[in-house]
Amino acid sequence: MADYQAFLDEIDRAAYHEGEYRWEEDGYTVTRTNHWSPPGCHNSCGLLLYVRDGKLERVEGDPLSPFVNGKLCVRCLDLPEAVNHPDRLKYPMKRAGERGENKWERITWDEAFDTLEAEVRKVWDEYGGNSILLIHGTGRNTGPMTYFGNCALKTPNISTFGFTGFACYLPRLFGAFAPLGDYLIADASEGHEDRYANPEFTPPGVVVIWGNEPLKSNADGYIGHWLAQCVQMGSKIISIDPRLTWWGARAEYFLQIRPGTDGALACAWLNIIINEGLYDRDFVDCWCTGFEELAASVQEFTPAWAAEITGLPEADIAASARLYATAKPAAIQWGLAMDQQLSAMSLNLACCDLMALTGNVDVPGGNILIRNAYNATNLPLTEPVIPKEWREKKLTMKYAFGDDCEEFTTHASSDALLRAMEVGEPFPIRMLWIETSNAIACPGMDAARVYEAMRKVPFVVNADPFLTPVSVACADILLPVAMSAERNSCRTWWTPVRSITKACQFYEAKSDEEIMLEMGRRLNPAYWPWGSDVEMMDWYLTDCSLPDPDLFKEKSTNLSLEAAKENKPTFEMGLMELAERGGYAYDEWNGIYRKYEKGLCRPDGSVGFATASGRIELVPAVYPVWGLNPTPYHLEPPQSPLSTPELMEEYPLVLTCGGRSWEFFHSENRQMPTMRELHREPLVIINPRTAERFGIAEGDYVWIENDHGRFRQRARLSLEVNEQTVHAEHGWWFPEEAGEEPNLFGTFTANPNNCTKAFETGPSGVGSSIKCMICKIYPYREGDALPAEQIVTTKDFVEYLPGEGYADFEEYQSNGYRYR
Ligand SMILES: Nc1nc2c(c(=O)[nH]1)N[C@H]1C(S)=C(S)[C@@H](COP(=O)(O)OP(=O)(O)OC[C@H]3O[C@@H](n4cnc5c(=O)[nH]c(N)nc54)[C@H](O)[C@@H]3O)O[C@H]1N2
Ligand SMILES: Nc1nc2c(c(=O)[nH]1)N[C@H]1C(S)=C(S)[C@@H](COP(=O)(O)OP(=O)(O)OC[C@H]3O[C@@H](n4cnc5c(=O)[nH]c(N)nc54)[C@H](O)[C@@H]3O)O[C@H]1N2
Ligand SMILES: [Mo]
């Protein structure tokens, strides 16, 4: 659709029932809605759901939704298989045997809610709300719901548990808030309802695809095919990735970087752009502070220096920097790999500095400033509702890493939570509420350790559409969760605001909204005035205020929270009205370029950015407050050819992992026949020469091992990676295998997080070296012990010292656990 206007003109709008939200067609009731989750996704694409006799039978992309113009990926097209899957949880259940036995007894929702209410009140009375931990996973539409959840449960301890170093998104968010006061994403016209036909929009001259694979991940509210459209309209590509992807194959420069060394590359780009005078002097003079300090700090970071570290040709480093700086406009599309290395906070700052120096901030085809549609967010809810003495017991990073860490995240630190679970310090965790996480299979760094720790918690509830390894290992109550086709909700993460409307019902499944509504009404009635999920969502969309505005006045140290308080939503439609008007609405703010010139960024309406100085702080004042060096730097991965040359003989390869696939969203969809037909098993990508060197053939089972643990995947030989690097998949478990212990659906068998480590982070507890480890590979032999045997049965895989004879905090940190 290189000619977007021609595409729009060709749509038969009447055939797609423009202006209708529900109609009858060929024996189906058709509902126009937006998917978000479950099954999980970071996006919310426009769908037409075809339901007959109460059953979802067919899904089509809605061409009238400008968000994706009717294009869907395999996961949405396969929704009927997910929604009607026989393995879905149909009723609430309680554990009938021991944990790990996988024995369950059906209960009513009344019994489930009564039990949960009683357990919560018991923890409140005996330990305080802070001893409850609410776990959620990545940005599914439990995101907004879990804020209702932690208010209902009155706990400040909400987190993506197991996920050391906040190593997803938070480094990018805070790495942008610090210098710019807002977040930025690459402009592919997503702010405009008329998209690529918008008269102000122009595609980026160059788009830098950096540590991201947008076609497969469609991550963080960003759709990959938007950029493919830009490429059709003329955008050139620079791909920075250890793997050759669709982007690298079409790139002007494919920078096949050694994993975990992007900080060095970013520093060298800054060096070239500053020293060769390729920056936008007018923009820097008018809108930035800290240029001199930044310029001085990058002098040592020459392309030659970076070439040694990154393994990239010096000439390519310099030439690609020049191309980015002179392409005008140019955009950086950044991804997860930025966060999964120790330099995360530095690297993300360096990227923002690059965007600013080159004058590409908030210009058409650059990186645009972006906010939630109509400013809708329920973050402010948390503060007044949770009593102060409990709120102050948030398990911040200082409880994991010592006293000198300044808190700047909204969430509790996963490592501090791990410590609280393992040794009860500074207080024990008495209840886990797991709303969206298969923590052992996927986000749990050091899966074995996370498994042991979670099982120590006396009461665990798990709300999920499926029974997972985590359910079997530790849940006491299971709540069956409704899928997106079965829920009333909305989407405000970036623009446009979108409605999600219920089209069918699966047995007794309830949506996260319905669950949180009921818990809040029972536990916190003063703050829960809503009679239904739709009323709750109306409040979220249009109001987000609390009965007593004085309660908002307490000071918070949290940047995003403060900003959220100043910016109440400006939306005026309720959920059903939005649905009836086509299911989406674009706000004005996100469609405007150069907002900082127009007084649209700062709460007081003055020109400039939402930083303390009002300018882009190339050297952010807040970084030192957060314990971070304010100028960019590179940190080697903890184990790497440069940091631990002595280990390279035993572990000669660099291991990166977790690159997304079309079929799966983290640990999800493994029970879907279509997905497993397309992608049967976990695959480790190995260069054919490397495979030959280690006696591995295509399709062999291979052990991937570091000094911490090992896991097994199927070899896929490919030139996508170089001879030094292998890439493994994450999130695998095998719903077709035995669920009871020790196997737990094979969740430890193929898990790269047998090799990742807790408490291993970048400065201030942020960033983790998940995508840059070292390893050896060797063929699996019949009879080799599987990790589950070692972890669950013989327990000779790990030795846990916590709780047994460590003297003090320092000793806990350094000696907390050990593998045999
Ligand atoms: N080695 C390695 N590990 C990684 C990564 C990596 O790249 N490499 N990536 C990491 C990243 S970036 C992240 S964000 C984490 C993600 O980790 P998580 O987001 O915790 O993902 P899952 O473990 O798959 O757990 C999600 C569970 O929620 C359920 N679910 C889906 N939608 C809903 C819903 O709407 N409501 C409810 N109640 N349940 C729902 C699913 O069925 C599933 O069981 O994993 C991390 N793990
Ligand atoms: N289908 C699907 N979509 C998803 C998810 C999913 O599980 N499945 N998960 C969602 C979540 S929570 C997230 S955070 C996003 C993540 O989505 P992305 O940001 O796209 O991240 P990945 O796919 O993990 O990795 C992106 C690319 O980084 C490369 N890479 C690996 N190590 C390095 C490195 O050290 N440096 C550089 N420059 N590149 C490196 C990988 O080879 C890969 O091609 O996707 C979201 N969307
Ligand atoms: Mo993520």
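In this short talk I will go through the domains of this protein, then its two ligands, and finally its nonpolar cores. Please keep in mind throughout that what we are looking at is a predicted model.

Let me start with the domains. The chain is divided into domain 1, which covers 4-83, domain 2, which is assembled from 113-160 + 379-491 + 497-544 + 567-582, domain 3, made of 170-372 + 604-625, and domain 4, which runs over 645-818. If we take the centres of domain 3 and domain 4 over their C-alpha atoms, they are separated by 31 Å, and across that pair 20 residues of domain 3 are in contact with 23 residues of domain 4.

Now to ligand 1. Where does ligand 1 lie with respect to the domains? Domain 2 and domain 4 both give residues to the shell around ligand 1, and therefore ligand 1 lies between them. That shell holds 36 residues, and the closest of them are T138, E435, S437, D464 and S667. Sorted by class, the shell has 13 nonpolar, 15 polar and eight charged residues. Looking at individual atoms, a polar side-chain atom of S437 sits 2.7 Å from an oxygen atom of ligand 1, while the side chain of R140 brings an N or O atom to 2.8 Å from an oxygen atom of this ligand, and for a polar side-chain atom of R487 the distance to a ligand oxygen is 3.1 Å. Ligand 1 taken alone exposes 930 Å², and the protein buries 98% of that.

Let us turn to ligand 2, where I will follow a similar order. Which domains supply its surroundings? Domain 3 and domain 4 each contribute at least three residues to the shell around ligand 2. There are 32 residues around this ligand, with S217, D241, D262, F664 and H666 coming nearest, and by class they comprise eleven nonpolar, 13 polar and eight charged residues. In the side chain of R243, an N or O atom is 2.8 Å from an oxygen atom of ligand 2, whereas R660 uses a backbone N or O atom, which lies 3.0 Å from an oxygen atom of the ligand. With R75 the ligand atom is a nitrogen, and it is 3.4 Å from an N or O atom in the R75 side chain. On its own, ligand 2 has 910 Å² of accessible area, of which the protein covers 99%.

Finally, the cores. In soluble globular proteins, nonpolar side chains tend to be buried together. Here the largest nonpolar core counts 175 residues, and W210 and W269 are the members that touch the most others. Apart from that core lies another, of 52 residues, including I107, L116, F148 and I158.

Definitions and conventions:
Residues are numbered from 1 along each chain as its sequence is written. Chains are lettered from A and ligands numbered from 1 in the order in which they are written. This is a predicted model: local features need pLDDT of at least 70, side-chain atom pairs count only at pLDDT 80 or more; totals for chains, interfaces and linings use all residues. Side-chain values use heavy atoms; hydrogens and water are left out. A nonpolar core is a set of buried Ala, Val, Leu, Ile, Met, Phe, Trp, Tyr and Cys residues joined through side-chain atoms within 4.5 Å. Buried means under 20% relative accessible area, exposed over 50%, partly exposed in between (1.4 Å probe, protein chains only). A residue is near a molecule or strand if one of its heavy atoms lies within 4 Å of it. A polar contact is a pair of N or O atoms within 3.5 Å; within protein, one must be able to donate a hydrogen and the other to accept it, and residues adjacent in sequence count only if both atoms are side-chain atoms. Accessible areas come from the Shrake-Rupley method with a 1.4 Å probe; for residues, only the protein chains shown count as cover. Ala, Val, Leu, Ile, Met, Phe, Trp, Tyr, Cys and Pro count as nonpolar, Asp, Glu, Lys and Arg as charged, and the others, Gly among them, as polar. Domain bounds come from an automatic or database domain assignment. Contact means heavy atoms within 4.5 Å.
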